[in-house]
Amino acid sequence: MVVSVDLSPLIWAISWFFLSYFVLVNGSYLFVHLVSIVSLQRGLREWLLESTYNPYQSPFLPGIAIIVPAYNEEAVISNSVRSLLNLEYGVFEVVVVNDGSTDETLERLLEDFDLDPVGAEVPFDLPCEPVDQVYQSTEVDLVVIDKENGGKADALNAGVFFTDQPLFCAIDADSIVEREALLEVIEPFLRDPEQTIATGGAVRVANGCSVTRGTVTDVGLSKNRLASLQTVEYLRAFLSGRVGLSALGGLLIISGAFGVFRTSAVREVGGYSTETITEDMELIVRLHHHYAGTDYRISFVPYPVVWTEVPSSRRALARQRMRWYQGLLETLWTHRRMIGNPKYGSIGLFALPFFLFIETIGPLIEGVGYIVVPFAFILGMLNVPFFLLFLGVAVGVGTLLSWLSVLNEVISFRRYRSPGDIAKLLGYGLLEHAPYRQWKAAITWLALVQYVRGESAWGEMVRVGFER
């Protein structure tokens with residue numbers, strides 16, 4: 001006797017689940033992107049209509065320490081430091097923290113900048129791994145702290161607790177900063193000096209750009225397709241995602257590649273956590289937690305730009321994205337009591353739920369869909385017209401979000417001036433849907449499995465250096 005089982009209710013339920021989640025995810029993204037367009041255009045008008053008096057030229061600008069953690073960065077460290085020393089700003093110092101590099105990072109710095117050891121009066125009791133030596137240049141405002149390896153957060157803490165400047169700027173060693181970026185990124189500190197505790201700037205992809213003596217001289221796209229796909233991602237993340245979240249009071253990430261902080265505020269919360277693998281996001285969430293109920297500001301400024309080298313191989317990119325995802329899981333778990341808690345305002349009621357349900361769970365559900373759909377088709381249970389309609393709308397909405405980010409770039413900033421490059425960006429916004437998107441979903445699941453197992457090794461990204 002053969003028993004027939006009607007699976008149509010199950011298929012109907014699964015279809016509506018995926019449809020509902022699709023509406024939630026893409027509706028949230030579209031809302032944030034639309035907010036970013038309005039916010040960006042409003043901010044651009046204010047920026048263009050500044051008064052004759054320019055506060056950025058004031059001699060009373062707050063001093064800034066530019067802290068550069070460096071581990072095995074010999075390919076890029078000299079160009080990066082030259083870029084920082086050429087910044088247009090009043091009072092600043094560059095503090096490079098050599099975090100136990102095993103290559104010639106320290107030797108490059110000593111040779112290229114004529115550094116000498118300082119005296120015994122330097123405070124070596126910093127809250128970090130032991131400091132071997134501190135070097136200082138007699139010609140430029142450059143200090144190099146040579147310490148034993150402790151990780152990026154440990155290196156940042158060495159600089160944070162070493163400097164006596166009221167503000168500090170955290171910069172990745174593989175970054176090239178535009179000359180006016182520091183003046184622009186501190187704008188919130190000048191507008192709201194008592195309330196602002198942190199600001200972040202935009203990060204752009206340097207692969208494909210020409211760099212001469214620490215300055216980007218020609219902006220272009222890389223011939224490496226993986227790097228160009230990331231260019232679209234970075235435009236979407238910074239010119240749409242973070243602009244919109246900042247306008248909504250829900251900024252949770254200031255990139256470790258470019259952020260400015262009130263030194264006393266970071267010291268007050270204990271500095272960067274050495275127990276997490278994404279110290280930049282965890283610090284911002286901890287600042288939100290600590291200052292909840294007070295009048296404080298953490299904001300994003302899209303005009304200043306730092307250029308960074310992105311992974312050009314699938315293996316290096318996979319390690320990076322796995323680290324990012326595991327760090328997201330770790331931060332959400334550490335601060336889980338803030339999720340949905342009205343005590344933390346828009347952070348608890350909007351930002352953290354957004355990152356939980358959209359950024360964390362969304363890719364996992366998408367990955368399941370890539371497995372369920374083929375099986376449903378093989379078993380003859382797939383509603384093909386419905387699926388094709390769903391796929392077309394999904395690709396269309398995703399492409400629209402990428403194109404809106406490119407539109408923000410073309411209208412507001414125009415770093416990419418070549419019509420060919422703009423056309424390629426639009427093309428990559430469409431091409432990233434296959435197979436790149438499926439590959440990222442697989443990486444997300446692998447990152448989750450490793451996180452559950454307690455595996456969170458970062459691995460080392462090999463730098464090829466900037467073009468000269």
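Which residues does valine 96 touch, not counting residues up to four places away in sequence?

## The nonpolar cores

In this predicted model, valine 96 touches Val68, Ala70, Ile77, Val81, Leu109, Leu142, Val143, Val144 and Ile145, once residues up to four places away in sequence are left out of the count. Valine 96 also belongs to the largest nonpolar core, a set of 121 residues in which Ile66, Val96 and Phe261 touch the most other members. The element that gives the most to this core is helix H7, spanning residues 225–247, which supplies 10 residues.

Apart from the largest core lies another one, made up of 8 residues, among them Ala318, Met322, Tyr325 and Leu448.

## Aromatic pairs within helices

The count of aromatic pairs in the model comes to 13. One of them joins phenylalanine 17 and tyrosine 21, whose ring centres are 6.2 Å apart and whose planes stand at 35 degrees, an arrangement classed as tilted. Both residues lie in helix H1 (residues 8–48), where they are 4 residues apart, about one turn of the helix. Phenylalanine 17 has a relative accessible area of 44% and is therefore partly exposed, whereas tyrosine 21, with a relative accessible area of 13%, is buried.

A second example is the pair formed by tyrosine 436 and tryptophan 439, which is stacked because its planes meet at 20 degrees, with the ring centres 6.1 Å apart, and planes under 30 degrees apart count as stacked. These two residues both lie in helix H14 (residues 436–453), 3 residues apart, again about one turn of the helix. Tyrosine 436 counts as buried because its relative accessibility is 5%, while tryptophan 439, at 24% relative accessibility, counts as partly exposed.

## A ring cluster and charges over rings

Aromatic pairing also extends beyond single pairs in this model, since ring pairs link Tyr29, Phe350, Phe354 and Phe355 into a cluster.

Aromatic rings are also met by charged side chains at two sites described here, each involving an arginine. The charged end of arginine 204 sits over the ring of phenylalanine 413, at 5.8 Å from the centre of that ring. Arginine 336, for its part, lies over the face of tryptophan 333, where the distance to the ring centre is 3.9 Å.

Methods
Residues numbered from 1 in each chain as written. Predicted model: local features only at pLDDT ≥ 70, side-chain atom pairs only at ≥ 80, totals over all residues. Heavy atoms only, no water. Phe/Tyr/Trp six-rings, centres within 6.5 Å; stacked < 30°, edge-to-face > 60°. Buried < 20%, exposed > 50% of the residue type's maximum accessible area, 1.4 Å probe, protein only. Lys NZ or Arg CZ within 6 Å of the ring centre and 35° of its normal. Core = buried A, V, L, I, M, F, W, Y, C linked by side-chain atoms within 4.5 Å. Contact = heavy atoms within 4.5 Å.
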